[in-house]
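Thanks for coming, everyone. I'll keep this short. Let me put the structure up.

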Amino acid sequence: MTDASGAARFVIVADNDANNLVIMSMILQRLEYLACSAMNAERALELANVSAPSLIIADMNLRGMTGLELMSRVRQQPGTRTVPIIFMTRELTPELEGQCLQAGAAGCLNKPVQVDDLYRMVRPVLEPGSRRRNIRIQTRLSVIVDGAPLDFERGECASMLSANGMYIRMLKSYPLNTPVSIQISFTDRLSLRRP
């Protein structure tokens with residue numbers, strides 16, 4: 001997603017957990033944001049000083065300092081003073097959330113972070129005037145229609161996922177109201193079948 005000047009929305013994700021970093025970065029990229037990951041608070045600060053992000057998403061318990069300490073350091077730098085920060089934690093309580101919001105955080109997320117929760121938290125921060133209300137993710141997923149795999153190399157695939165459904169690009173058209181069986185594999189363990 002780009003801002004009014006055409007610049008891409010740049011998000012830094014800071015977390016000690018490498019798996020969570022990969023997942024969060026992939027989700028943010030699918031939501032059309034540029035994501036850069038940092039395994040600790042110092043690296044997040046280095047990245048922010050090189051190029052001020054549009055948003056920082058940080059774990060509350062980073063290696064070397066807490067999320068609140070990271071926010072304090074971010075606020076001390078002129079180039080990052082106004083960068084919004086969203087915290088994520090496995091132990092989110094109303095008290096902790098209140099403390100974070102009072103300190104100036106843009107929000108708090110429970111870990112493991114759910115895609116819908118992330119989108120609902122990030123969108124108003126990065127796109128405050130946007131009319132985009134639902135998640136719309138560009139993708140290329142292999143699809144099997146009526147038992148035959150679509151030709152992925154020729155561009156046949158599920159290419160857009162949204163809250164309103166899915167767009168499947170196909171070379172062959174079917175008559176209106178013709179029932180077809182569709183199988184989409186998201187991962188090795190998850191498969192969605194719909195008649």
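Where does Pro112 lie? Look for the loop between β7 and α5; Pro112 is in that loop. One thing before we go on: this is a predicted model.

Stay with Pro112 for a moment. The peptide bond that joins Lys111 to Pro112 is cis. Its omega is about 0°. Most peptide bonds are trans.

Now step back to β7 itself. Strand β7 covers residues 107-110, and strand β6 covers residues 85-89. The two run parallel, joined by four bridges. Take one residue of the pair: Phe87 has Cys108 in β7 as its bridge partner. How does the chain get from β6 to β7? It goes through helix α4, residues 94-103. That β-α-β crossover is right-handed.

Next, helix α1. This one runs over residues 18-30. Let's check its length. It has 13 residues, and at 1.5 Å a residue they should span 18 Å. The C-alpha atoms at its ends are 18 Å apart, so the two values agree.

Which residues of α1 are buried? Asn20, Leu21, Met24, Ser25, Ile27 and Leu28. Buried here means under 20% relative accessible area. Now look down the helix axis. The buried residues fall within an arc of 165°, so they line one face of α1. And what do they pack against? Three of the partners come early in the chain: β1 at 10-14, β2 at 34-38 and β3 at 55-59. The others are β6, which we have just met, and α5 at 115-126.

Now the two ends of α1. At the N-terminal end, Asp17 is the cap. A side-chain oxygen of Asp17 lies 2.9 Å from the backbone nitrogen of Asn19. After the helix comes Glu32. Glu32 sits in the loop between α1 and β2. Its phi is positive, about 75°, although Glu32 is not a glycine. Most residues other than glycine have a negative phi.

Is Glu32 buried or exposed? Neither: Glu32 is partly exposed, at a relative accessible area of 30%.

One more residue with a positive phi. Asp146 has a phi near 50°, and it is not a glycine. Find it in the loop between β9, residues 143-145, and β10, residues 148-149. Asp146 also counts as partly exposed, with 42% relative accessibility.

That's my tour. Over to you for questions.

Technical notes. Residues are numbered from 1 along each chain as its sequence is written. This is a predicted model: local features need pLDDT of at least 70, side-chain atom pairs count only at pLDDT 80 or more; totals for chains, interfaces and linings use all residues. Side-chain values use heavy atoms; hydrogens and water are left out. Two strands pair if DSSP finds at least two bridges between them. A crossover is right-handed if, with the strands pointing away from the viewer, the path from the first strand over the helix to the second runs clockwise. The expected span of a helix is 1.5 Å times one less than its number of residues. Buried means under 20% relative accessible area, exposed over 50%, partly exposed in between (1.4 Å probe, protein chains only). The arc is that of the directions from the helix axis to the C-beta atoms. Contact means heavy atoms within 4.5 Å. A polar contact is a pair of N or O atoms within 3.5 Å; within protein, one must be able to donate a hydrogen and the other to accept it, and residues adjacent in sequence count only if both atoms are side-chain atoms.
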